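Here is a quick tour of the aromatic pairs and the pockets. Keep the structure open while you read.

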Amino acid sequence: MTMLSGRCLCGTIRFTVPTPSRFEVCHCDDCRRWHGASAIGIDLTIVTLTSGETALRWFNSSPPVERGFCGTCGSSLFYLAKRDPRRWSVFHGALKDVPKSIPLGPQHFIGRRPSLYRIEGWSDQRAV
């Protein structure tokens, strides 16, 4: 299994994840507030923290969801659905050396997508 590595902006938190078969996009209000734009990431994967575990902070953004970030630099890194706490979602911006061959998969909350942009290669028929 090939792995991708990721880190926060300051490099305190570092991690690895299995290379995904696709990325997903979430347009919900909370993801857009958390990132400043719609969130692109890997949905529900196994994350192995390799450094900085003590700097990892969690924000309880709604009853079923927590969002992980670096307590040093503030980088948003993870999304945790409490129904399966062993698997986290990981945001694309935290990953390095992502192969360009990994496709985009479903879009979530497509009705919330800002009207001022489109994602290349996507059609609304692929939305979930």
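## Ground rules

A strand here is a DSSP run of E with at least two residues, and strands are numbered from the N terminus. Lining residues are those with an atom within 4 Å of a pocket point. One thing to keep in mind throughout: this is a predicted model.

## Aromatic pairs

How many aromatic pairs turn up in a search of the whole structure? The search finds six. One of them is formed by Trp 34 and Phe 69, and it's edge-to-face, with 6.0 Å from centre to centre and 70 degrees between the planes. This pair ties together distant parts of the chain: Trp 34 sits in helix α1 (residues 29-35), Phe 69 in strand β7 (residues 65-70), and the two are 35 residues apart.

Are these two rings' residues buried or exposed? Trp 34 has a relative accessible area of 24%, so it counts as partly exposed. Phe 69 comes in at 23%, so partly exposed is the label there too. Elsewhere, ring pairs join Phe 15, Trp 58, Phe 78 and Trp 88 into a cluster.

## Around Phe 69

Phe 69, in strand β7, has plenty to look at. Its C-alpha atom is separated by 6.4 Å from that of Trp 58, eleven residues away along the chain. Leaving aside neighbours within four places in sequence, the contacts of Phe 69 include Trp 34, Trp 58, Ile 13, Phe 59 and Leu 77. Also among them are Ala 55, Leu 56 and Arg 57, plus Gly 74, Ser 75 and Ser 76.

## The largest pocket

The largest pocket holds about 410 Å³ of space. It is lined by 25 residues, and Cys 26, Cys 31, Asp 43, Tyr 79 and Ser 89 are the closest to its centre. By type, the lining splits into 15 nonpolar, five polar and five charged residues.

Where does this lining come from? At least two residues each are supplied by β3 (23-26), α1, β4 (39-45), β6 (56-62), β7, β8 (76-81) and β9 (88-91). With six residues, β4 gives the most.

## The second largest pocket

Next comes a pocket with a volume of about 200 Å³, the second largest. Its lining has 15 residues, with Ser 76, Phe 91, Gly 93, Ala 94 and Leu 95 nearest the centre. The split is eight nonpolar, five polar and two charged.

Strands β4, β8 and β10 (95-96) each supply at least two residues of this lining. Both β4 and β8 also supply at least two residues each to the largest pocket's lining.

Note on methods
Residues numbered from 1 in each chain as written. Predicted model: local features only at pLDDT ≥ 70, side-chain atom pairs only at ≥ 80, totals over all residues. Heavy atoms only, no water. Phe/Tyr/Trp six-rings, centres within 6.5 Å; stacked < 30°, edge-to-face > 60°. Helix = DSSP H or I, 4+ residues; strand = E, 2+ residues; numbered from the N terminus. Buried < 20%, exposed > 50% of the residue type's maximum accessible area, 1.4 Å probe, protein only. 1 Å grid on protein atoms, 1.4 Å probe; cavity = no way out; pocket = protein on both sides within 12 Å on 5 of 7 lines; lining within 4 Å. Points joined across faces, edges and corners; volume = space filled by probe spheres on them. Nonpolar A, V, L, I, M, F, W, Y, C, P; charged D, E, K, R; others polar. Contact = heavy atoms within 4.5 Å.
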